[in-house]
Amino acid sequence: MESPLTPYLPMAVVLLLAGVMAIAIPLIAGLLGPKSMTTAKSEAFEGGNAPMGSARQRFAVKFYVVAILFIVFDVEAVFLYPWAVNFRALGWFGYGTMAVFASTLVVALAYVWKKGALDWES
Amino acid sequence: MIIPHFTLNDFLPVMPVGVLMAAAIVLMLSEVFLTSTTRTYQAIIAALASIVAGGIAVNNAFEPARLVLQGYAVLDPFSSWTTAMVCLGTFLAVLLSAGFLKHRNAERGEFYALMLFAAAGMSLLSLSAEFITLFINLEVLSVATYALTAFLRRGPRPSEAGFKYFILGAFAAALLLYGAALIYGATGATKLVEVSAALPAAFAKSPALVYAGLGLVLAGFAFKVAAVPFHMWTPDVYEGAPTPVTALMSAGVKAAAFVAMVRTFLFLVKGIDPVIPFTVFSLLALLTMVGGNLLALPQRNVKRMLAYSSIAHAGYMLLGVAALFAPKLVEAGAKVGVLTATPLTGTAQDVSVAVYKGLLFYILGYTVTSLGAFGTISALERREDETRGNTWDLERFAGLAQRKPGWAAAMALFMLSLGGVPPTVGFLGKLFLFSAAVDAGLLGLAIVGVLSSVIGVYFYLRVVVYMFMRPAPIDAPAPFRHWTTELALVTSAVLVVGLGILPGTITEWFSRVGMVFGH
């Protein structure tokens with residue numbers, strides 16, 4: 001039967017093979033491989049520096065705030081690019097729409113600035 | 001490239017939202033640029049914005065139903081009235097918050113801004129006529145309420161509530177989006193009108209795909225309206241959230257989600273055996289009515305009891321939704337989900353009009369009653385008690401009638417209205433809804449509804465018994481006084497009685513033909 005998914009049949013075969021390999025290789029390695037545990041092998045990293053401290057450290061919340069703000073203003077750029085490319089075709093309608101959109105973000109910037117979210121030291 | 005041509009007409013339905021958003025932005029800026037110590041003005045700005053937005057919405061409700069914004073939204077009385085009721089709920093919740101937050105020294109402009117953003121999301125959700133728009137508006141509403149739930153960060157309860165609500169809410173939203181994606185896969189359209197037109201062919205070709213899509217969309221909505229068996233989050237979240245926020249969630253969020261669900265499914269059931277949607281909604285209504293009331297029965301915590309009660313009330317509203325898909329209506333030529341210029345005729349038209357009236361009036365009644373009930377609780381709770389865990393215990397209400405007769409009378413009124421006792425708005429809401437359901441041929445379900453609301457009367461009246469017939473404990477709390485809280489409670493009480501005695505004009509407005517676009 002001709003279904004719209006037919007061209008993707010090779011993809012399905014690849015996926016299936018990948019799944020079989022992912023299960024089979026560790027399984028065979030586990031069954032056949034020799035096992036000899038040493039102290040050096042059981043450490044977190046075999047090479048490089050000896051691990052120090054816990055992996056579950058706390059980060060300062062300001063990293064998180066900066067990352068969030070970056071995403072918010074990055075999305076603005078994502079919307080600005082297609083508009084800039086089609087600037088002439090979109091005309092005043094596009095200009096007005098983008099002006100409203102950008103001015104909302106300016107208000108948001110004023111808010112986070114004044115709120116002190118951009119102060120790294122305090 | 002086609003540049004969309006919009007007229008002022010297109011923006012009519014989103015004008016209330018514009019007012020709410022503008023006020024929210026002003027409030028956010030006022031928080032950082034004005035450093036005044038008293039912040040009651042923020043509540044007043046938010047309340048005024050809700051009134052203006054509600055007024056515009058009421059004005060819109062008399063416009064004929066039509067598609068606007070290129071088919072992405074509708075302007076019909078159903079959505080306009082919902083917007084107006086959401087604005088009423090927001091107005092009352094904002095007034096309740098002013099006193100509540102002042103008492104906790106937590107007044108912030110962001111709180112009111114988030115409330116207004118949530119209200120904007122609710123209004124937009126009720127008029128969305130396209131899946132992506134619907135999803136984004138659902139998220140606008142949800143993200144604002146997640147943040148509001150955890151607004152008072154101190155203590156484990158708000159964090160638990162916020163986290164639970166966020167994780168489960170995000171999951172439910174994902175289900176809805178997945179369902180919409182499957183329906184898009186089956187029909188190649190996201191606008192509800194186009195989906196509706198393409199559905200019969202899609203259904204004939206791959207019924208499993210359409211069923212899976214419809215089921216997932218329904219699950220997403222059922223989570224938001226807290227229908228059994230999608231209700232597990234409700235008591236924990238309602239208990240942990242600041243009480244005015246709980247009030248807004250129980251009234252506004254639920255109303256908006258209901259209206260969006262009705263609108264979506266009126267379009268989505270075309271080409272499907274009409275018995276299926278009817279059975280599904282009847283089953284949901286049955287489980288939710290009975291389950292909500294039975295679960296509320298053993299609760300000694302009044303706030304938790306009201307959370308379960310809001311589940312039960314969602315069940316009564318689902319009864320109305322089931323009535324819309326009743327075989328009697330469908331057989332009588334009610335082309336469910338079909339875009340017809342000619343409305344139904346004869347008795348079928350009367351019944352469908354009565355069901356819409358019942359639904360809207362019930363939502364209105366539940367909005368004012370629930371805001372009042374949660375508002376009274378919010379005025380009685382003390383921050384010091386929250387660590388002891390008995391803030392909302394029935395004992396806290398003991399003897400309230402001797403100490404503060406006015407407050408006890410108001411709370412008793414709200415309890416009677418929730419239980420459906422005349423002459424309150426709760427009674428009339430149930431009367432309209434159940435009689436419409438009986439007319440639509442749902443006699444059995446209506447009987448179950450009446451019987452389960454009799455169970456409800458027991459736990460509502462238990463609060464009244466504690467207030468009027470038990471002696472007050474020595475350390476009983478007195479309600480804190482703030483004029484905005486009192487204004488909100490008086491407004492709710494007046495509306496509960498006023499609408500219960502003189503519903504006249506409102507019911508006329510709610511029962512006009514051409515209520516819902518395309519139906």
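## Exercises on a predicted two-chain model

Helix α7 (residues 192-205) of chain B packs against helix α10 (residues 243-268) of chain B at an angle of about 30 degrees, and their axes lie 8 Å apart. Axes are lines fitted to C-alpha atoms, for helices over the stretch in contact, and angles run from 0 to 180 degrees between N-to-C directions. Helices (H or I, at least four residues) and strands (E, at least two) are DSSP runs, numbered from the N terminus.

This is a predicted model, in which local features need pLDDT of at least 70, side-chain atom pairs count only at pLDDT 80 or more, and totals for chains, interfaces and linings use all residues. Residues are numbered from 1 along each chain as its sequence is written, while chains are lettered from A and ligands numbered from 1 in the order in which they are written.

**Exercise 1.** State which residues make the contact of α7(B) with α10(B), and classify them.

*Solution.* Step one: α7(B) contributes Leu192(B), Val195(B), Ser196(B) and Leu199(B), and α10(B) contributes Thr264(B), Phe267(B) and Leu268(B). Two residues are in contact if their C-beta atoms, placed from the backbone, lie within 7 Å. Step two: the classes are five nonpolar, two polar and no charged residues. Here Ala, Val, Leu, Ile, Met, Phe, Trp, Tyr, Cys and Pro count as nonpolar, Asp, Glu, Lys and Arg as charged, and the others, Gly among them, as polar.

**Exercise 2.** Describe the build of chain A.

*Solution.* Step one: chain A has four helices and zero strands, in the order α-α-α-α along the sequence. Step two: the radius of gyration of chain A, taken over C-alpha atoms, is 27 Å, whereas a compact globule of 122 residues would have one near 14 Å; the globule rule is 2.2 Å times the number of residues to the power 0.38. Step three: the C-alpha atoms of chain A fill a box of roughly 70 × 60 × 20 Å along the principal axes.

**Exercise 3.** Determine how chain A and chain B share their contact.

*Solution.* Step one: 10 residues come from chain A and seven residues from chain B. Step two: the chain A side comprises six nonpolar, two polar and two charged residues.

**Exercise 4.** Assess the confidence of each chain.

*Solution.* Step one: chain A has a mean pLDDT (the predictor's confidence in each residue, from 0 to 100) of 85, with 92% of its residues at 70 or more. Step two: chain B averages 89, and 95% of its residues score at least 70. Step three: residues 336-342 of chain B stay under 50. Where pLDDT is low, the predicted coordinates should not be read in detail.
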